[in-house]
Structure formats: structure tokens, C-alpha cells
Amino acid sequence: MDISIDKMVKKTAVLGFGNPVRADDGVGIYVIEQLQAAMPPDESVSVFDMGTSAFEVLFQLRGHDRIILVDAVINSEEAVGSVFKLPASEVEGKIEDDPLVFLHGLKWHQALSYARKMLGADYPEEIDVYLIAIENTSFNVGMGEAAKQGGDRVVQLLLDEFSG
């Protein structure tokens, strides 16, 4: 008797962060735009343009088994466009038990720590972070070529992963 077991598909959310009017800081949004244009509809992958949101990330996590965050990193001491992939546990902030936390000033890595506390058992344990090295965050629409090339590398890594 030949029994085949289909591999279980994890529901994945890709969240891109950034400010497209702050030059290279928009690279996370660029990645999301490129994924939306290149990917066929797939119920197992949700793609979100998070802009400069942070706390709102909590509500995007529910119902997903895996989360992928894409954002810019400045002062990495690496060449602009360099790509880093790491587990969220490496960048997750600590919870501040201050009831007056200013939600608009909360960064996404801090939001993850709050999500862990608030979602409990529903918190997805598999969270990866792609960071793209940048240097220009001046008030300017459009990214430099090196930051864009880093974004293109992340897009291709994700497309390869989702198609394989």
C-alpha cells in the first residue's frame, strides 16, 4: 500500500516596513510592492505594506504560522544593500510595563515583544527578519541603487522560497 503524506503548508505573512519619503528607508515597502507584482495569488502567503506602523503588527500576526518582517537597518557597518536574515528573537525588544507607552513611538521589534505577551499561545514562533543596510534617510522620494539592489535580493530570496 502506497501512502503519501502531503507536506503541511504554513500560512505565512510578509510584513514590509519603511517610510517611502525618507529615501532608502522605503526599501521594506519596495520589497512588498515587488512581491505583490510578481507573486500569483496564494492563500498560504499574505503580503502587507505596514508603512511606519508598529503596534498594528499585533493584529496582522493572528492566524499565521510564520511571519517574515522586512525593514531597513542603518549604521550596520556593512555596505549599503547588504542583506541580513535573522530570527526575530535576535532583535525583539523587551516589554516596558509602562501603561503610558506611546503607541505611535513603538517600534516593530518592541511590538513583537508585546505581541508575544498579548497573543499567548496564538503567537507564531517562527518569525524571521530580513534587514537591508541603508545610509540615506533624508526627506526624499526614491531610493539609491544599492538599497534597491538589496531589496531585489530579498524579493528573489522570498520568491524562490515560496515557489519551492
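# Asking how we know

Guide: This is a predicted model, and its protein chain exposes about 9500 Å². Carbon and sulfur atoms supply 52% of that exposed area.

Visitor: What makes up the secondary structure of the protein chain?

Guide: Four helices and five strands. Start at the N terminus and the elements run β-α-β-α-β-β-α-β-α.

Visitor: How do you know which strands of the sheet stand at the edges?

Guide: Read the order of this open sheet: β2-β1-β3-β5-β4, with mixed pairing. β2 (45–51) and β4 (83–87) each have a single partner strand, so one side of each is left without a neighbour in the sheet. That's why we call them edge strands. Neighbouring strands here are turned by 20° against each other on average, ignoring direction.

Visitor: What makes β1 and β2 a pair?

Guide: Two strands count as paired with at least two bridges between them. Six bridges join β1 (residues 12–17) to β2, so by that cut-off of at least two bridges they pair. The two strands run parallel, and Gly-16 stands opposite Asp-49 in β2.

Visitor: On to helix α4. How do you know how its reach fits the expected span?

Guide: α4 has 19 residues, and the expected span is 27 Å at 1.5 Å a residue. From its first C-alpha to its last, α4 reaches 27 Å, so the value is close to what's expected.

Visitor: Why are some residues of α4 called buried?

Guide: A residue is called buried because its relative accessible area is under 20%. In α4, that label goes to Ala-147, Gly-150, Gly-151, Val-154, Val-155 and Leu-158. They cover an arc of only 140° around the axis, so they sit on the same side of α4.

Visitor: Why can residues that are apart in a helix point the same way?

Guide: An α-helix has 3.6 residues a turn, so residues three or four places apart point the same way.

Visitor: And which residues are exposed on the other side of α4?

Guide: Glu-145 and Ser-163. Exposed takes over 50% relative accessible area.

Visitor: What do the buried residues of α4 pack against?

Guide: They pack against β1, α1 (27–38), β3, β4 and β5. Helix α4 (residues 145–163) lies across β1, β2, β3 (66–74), β4 and β5 (126–134), running at about 155° to β5.

Visitor: What share of the whole protein chain is buried?

Guide: Buried residues make up 41% of the 164 residues. As for contacts between residues at least 6 apart in sequence, 77% join residues at least 24 apart.

How values were computed
Residues numbered from 1 in each chain as written. Predicted model: local features only at pLDDT ≥ 70, side-chain atom pairs only at ≥ 80, totals over all residues. Heavy atoms only, no water. Axes fitted to C-alpha atoms, helices over the stretch in contact; angles between N-to-C directions. Contact = heavy atoms within 4.5 Å. Buried < 20%, exposed > 50% of the residue type's maximum accessible area, 1.4 Å probe, protein only. Areas by Shrake-Rupley, 256 points an atom, 1.4 Å probe, with all protein chains shown as cover. Arc of directions from axis to C-beta.
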